[in-house]
Each structure stands twice: as C-alpha cells, then as structure tokens.
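Trainee: I keep running into labels on this model and I'd like to know what stands behind them. Can we go through a few together?
Mentor: Sure, pull it up and fire away.

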Amino acid sequence: MKIAVIGTGYVGLVSGTCFAEWGHTVICVDKNTRKIADLHQGRMPIYEPHLDEMVERNYAAGRLDFTCNLNSAVTGAAIVFIVVATPPRIDRVETDLSCIYLAACELAPLITDDTVVVLKSTVPVGTGDVVQKIIGAVRKPGTFSVASNPEFLREGLAVCDFLAPDRVVIGVDDERACKRLLELYDVPMGLQETPILVTTRRTAELIKYAANAFLATKITFINELADLCEQVGSDVEELALGMGLDRRIGTTFLAPGPGFGGSCFPKDTQALLRTAQDYGVELRIVEETIIANDARKRRMALKVMEALGGSVDGRTIAILGLTFKPDTDDMREAPSVRLIEALQRFGGHIRAYDPVGIENAASMLDHVVFCDDPYECVRDADAAVVMTEWAIIKNLDLAQLKNNMRQPILVDLRNALQVEAALQLGFRISTIGRPACAEGDLQSMMRLRNKSLRTAKASSAVTRERENGTIR
Ligand SMILES: NC(=O)c1ccc[n+]([C@@H]2O[C@H](COP(=O)([O-])OP(=O)(O)OC[C@H]3O[C@@H](n4cnc5c(N)ncnc54)[C@H](O)[C@@H]3O)[C@@H](O)[C@H]2O)c1
C-alpha cells in the first residue's frame, strides 16, 4: 500500500518508518527542508532509541523516502496520514490547529479519488468534521474519506509502542475508511494479539484526550500523596508499590516527581478541559489536575531553596537531566525549564547536563553553562538537582560527584539516587515524599525486600515485552 505521512516529527517519523517496516511504501513529507535533507543523508532529526537502524534499513530497501514535495507524496497514496503538531495557542487555552487545516487545504487538490485521509495528530473532537469540509470544498463528496487514528506511543519507547501497541483505535464514519485502516492494521506481525477498537471519528478523537488526562491525573494523585508522605513521615515509594500491586490500580504512572511535562499531557489536559467548557460540561478532576500540576512545578524551586538553607542567591546549582523524561531529546514543557528560570530569578547560577537534550535546551534557556559530562557539571556547585532519571544519572558515582562539588547537597526530584549511599558519603539529600534521614536496620531490611518485589515486577514486564518481540 502506498502511504503518505505529512509531518515527519516524533510521531510522523516513527509511524512512517514502522509502516515501511510492515512492508508498505511510505513517503514522509515535511516543510522543514533541513530535516528532510538530514534524513536523506542518514542523520536523525530526533533522538529515539532503535529508530535510526530501522530508518536506515527501510530507506535502503526503497520502502521509505522523505520529501518536501507534497504532490509527489500524496498522489496515488491509498492513505494520507496527517501527523503535524497541534500545540497550544499563545493563550495556552485553545489548540492551534493551523498546521492541520493548512495540510488539509494543501493536500485536497492533490489526492487521488478513493484516498483515505487520517488524522493521527491529537485533535479536539470535531476537527475531523472540519477537515472533511475543507477537502469537500474541492473534491466531489464520496470520493474520499476522513478518519481518526490517534497515536499512543511514548517517546523513548516509541518504536516498541508502535510495533506492539496496547490497542489501536480507528475512528471512521464510512466503510471505505474502516476497510482501509483494518487492512493496514490487521496484517502486521506482532499486532495479532492487539485489540483494534473501531469506533466513530468523534469518539476516537476524544479517546486520546481521555487517556492522557487520566494518566496525568494518576501522576498528579501520587504527587499530592508524596506531599502528604513528607508531612506525616511515610515513604511514597512504598505507598505507590502497596497501591499499585492492586491490579485494578497498576504500578505504572505512580512515580512521584516535579510535575508532569512533555509535549502531550500539559496541552492535552488543557485542550480536553477547553472542549468540555465549550460544550458546557464540568470536568472538575481534569481542571484540578492542571491547577495542581502547575502549582507543583512552581513549588520545586522552593524545594531547592530550602535545601540550600532558604536562598539560592549567588549559589551555583547543577541540574542533572533536562528533558521531560529519559530516552528522548524532547524539551517541550520540560519541568527543568520552569525550575531553571525560577532559580535564575532568585539569583542562582545554573550549570546543566543532559545526555541528548542540550541542543534543544540551549534554544530555550539563557545564561546556562551546559556540560557534556555530569561530573563536570557539578564542579564547584552548591547543590545538584536531579530532574530526569536517565540511567547514566541513576548510576552516577556519588563519591566522585561529591569530590567535585562545593557543598554535598542533593535534591533528587525523581527519587532516582540511592539515598543510603548518598547519606553514607555525607551528602544532605532531599527527595520526593520520602524521609530524608539515615535509615536503621529495619528500614534497610524493608527496602531490600521491597526492592525484590519491584525487580520481580519489572523483569516480568520485560519478559512480556520480549515475548511480544518488542525488545530485541
Ligand atoms: N510526541 C509524542 O509523544 C506524541 C504522542 C502521541 C501523539 N502525539 C501527537 O502527534 C502530533 C505530532 O506530534 P509530534 O511530537 O510528532 O510533533 P513534531 O513537532 O515533532 O512534528 C510535527 C512535524 O510536522 C511538520 N509540519 C507542520 N506542518 C506541516 C505541513 N503542512 N506539511 C508538512 N509538514 C508539516 C513540522 O515541520 C514538524 O516536523 C501532535 O498532535 C501530538 O499531540 C504526539
């Protein structure tokens, strides 16, 4: 099947490459000429584990190509995916759908009869109706279809997620679109066990927002419980495990941190709330999630100040990890940006390290000394703050870290470091939702026991993914 993918970003590039991996002929289009030129020369425009080898393989096999020429991409394509960005507008309330509508206007005169245009971007309910009208203005009714196929992949795990998703959601309002998308998703290896939900276009559009709002709420719930743990002397990590081992709850998305960020949760919760307001429906839980998350991000700077005795004025703070999560270079809405800007306002000097996010971070932040090495980053720092739980950061040699620092103060906003080891080395360490004191024998025994519970759970998840062929 010939497939065109409009928008070659985090989702478009992964989707297009995986469709090619399934044997289809795919052309990815982008307006960004540099991105397309880089891809032709084998340079990846984003960091996403396992993607580069798959792009290279499919490009070499002639199944995958990249272009800025929309005409050549969509002419004769059986399916045209629109995967452009849908960021919040400047008011941060409305969704900016200009890229979607522009793509629809541009492709409308170019598609062949019988084409199915699919919105893979996350779009407010009813956007498919507008796209249908835009294309319908220049094409005969009944000669094309518009469908919704929201994407649920996670950056950092995008290839695995795409090749073996928890589910595929297809939103269609006519038979042609239904048959075409089932033909696309029914065949591939690895998807035999995957539930494929076929629903209306409007329901599919809403499912994506509902899923993201629910996950954002789960994170916010554990973040608020972490605050309570700090006050009552409980340990949020144990609490999350004790809750999450209940299969009705599940252990994922119960990791406390500095507040959710990234290119999806903040904008999608806001967009869902806006849709509800437009239709006169109250979504109080989603509204509170947004408010609580925003307040939390602001409070993180105070946590760093507290660790430094009340002020960061004139102090040097090393930020370890910048991206909103590990295994991606995506800096959109990363909590590190808000934290750094706040610390700078209070007079702090910032040094920062990230394994792959520095280039993107440098375009968003001023007056930051970026370092390629974590140990160099903490040199002469008064405190080090963990913002992203990259494996390299979790496994830092704490003794070496301490040797380079001016003061042995750690603020671990991801609970990524070994508290006991840090305390033994003489660090003062502040974490999220955990007692910050040295542990006795009983606490160590409990932690060791519960660690084995966590490891058993994690390894059974890995085994499952290996069996599914998603980890090689
Ligand atoms: N990033 C994620 O983890 C994720 C996950 C699921 C869903 N989504 C959704 O997928 C959509 C895309 O997100 P993304 O992160 O891939 O965005 P992105 O910004 O990485 O990529 C969008 C690409 O579209 C290109 N573009 C814009 N208008 C174009 C046009 N008219 N013609 C050709 N190219 C055009 C841009 O140059 C850019 O390269 C969004 O709606 C997002 O909410 C994202």
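Trainee: Which residues does Leu-64 touch, not counting those up to four places away in sequence?
Mentor: Leu-64 touches Gly-16, Thr-17, Ala-20, Val-26, Cys-28, Val-55, Asn-58 and Tyr-59. Touching here takes heavy atoms within 4.5 Å. Keep in mind that this is a predicted model.

Trainee: And where does Leu-64 sit, and how far is Gly-16 from it in space, C-alpha to C-alpha?
Mentor: Leu-64 is in strand β3, residues 64-67. Gly-16 is 48 residues away in sequence, with 7.6 Å between the C-alpha atoms.

Trainee: What makes Leu-64 count as buried or exposed?
Mentor: Its relative accessible area. Buried means under 20%, and Leu-64 has 2%, so Leu-64 is buried.

Trainee: What about Ala-210, and why does it get the label it has?
Mentor: Ala-210 is in helix α9. The label "partly exposed" covers what lies between under 20% and over 50%. Ala-210 has 41% relative accessibility, so it counts as partly exposed. By the way, Ala-210 and Leu-102 are 108 residues apart in sequence and 26 Å apart in space, C-alpha to C-alpha.

Trainee: How do you know which class Asp-373 belongs to?
Mentor: Same recipe: at 32% relative accessibility, Asp-373 counts as partly exposed. Asp-373 is in the loop between β11 (368-371) and α15 (374-377). Its C-alpha atom is separated by 47 Å from that of Gln-277, 96 residues apart along the chain.

Trainee: On to helices. Why is the pair α11 and α12 called oblique?
Mentor: The axes of α11 (residues 265-278) and α12 (residues 284-307) cross at roughly 140° and come within 10 Å. Roughly antiparallel needs an angle over 145, and roughly perpendicular stops at 115. The pair fits neither label, so α11 and α12 are oblique to each other. The crossing is left-handed.

Trainee: Which residues meet there, and what classes are they?
Mentor: From α11 you have Thr-269, Gln-270, Leu-272 and Leu-273, and they meet Val-286, Glu-287 and Ile-290 in α12. By class, that contact has four nonpolar, two polar and one charged residues.

Trainee: How do you know that the span of α11 agrees with what a helix of 14 residues should have?
Mentor: Take 1.5 Å times one less than the number of residues. For α11 that gives an expected 20 Å, and the end C-alpha atoms are 20 Å apart, so the two agree.

Trainee: What makes α11 "mostly covered"?
Mentor: Eleven of its 14 residues are buried, among them Phe-265, Pro-266, Leu-272 and Leu-273. The buried residues pack against α9 (201-232) and α12. Just after α11, Gly-280 takes a positive phi of about 70°.

Trainee: And what makes α6 and α9 oblique?
Mentor: Helix α6 (residues 127-136) and α9 pack at about 130°, with their axes 8 Å apart. That angle again lies between the 115 and 145 cut-offs, so α6 and α9 are oblique to each other. Thr-127, Gly-128, Asp-129 and Gln-132 of α6 make the contact with Arg-201, Arg-202 and Glu-205 of α9. The classes there are no nonpolar, three polar and four charged.

How values were computed:
Residues are numbered from 1 along each chain as its sequence is written. This is a predicted model: local features need pLDDT of at least 70, side-chain atom pairs count only at pLDDT 80 or more; totals for chains, interfaces and linings use all residues. Side-chain values use heavy atoms; hydrogens and water are left out. Axes are lines fitted to C-alpha atoms, for helices over the stretch in contact, and angles run from 0 to 180 degrees between N-to-C directions. Helices (H or I, at least four residues) and strands (E, at least two) are DSSP runs, numbered from the N terminus. Angles under 35 degrees count as roughly parallel, over 145 as roughly antiparallel, 65 to 115 as roughly perpendicular and the rest as oblique. A crossing is left-handed if the near helix is turned anticlockwise from the far one by less than a right angle, and right-handed if clockwise. Ala, Val, Leu, Ile, Met, Phe, Trp, Tyr, Cys and Pro count as nonpolar, Asp, Glu, Lys and Arg as charged, and the others, Gly among them, as polar. Buried means under 20% relative accessible area, exposed over 50%, partly exposed in between (1.4 Å probe, protein chains only).
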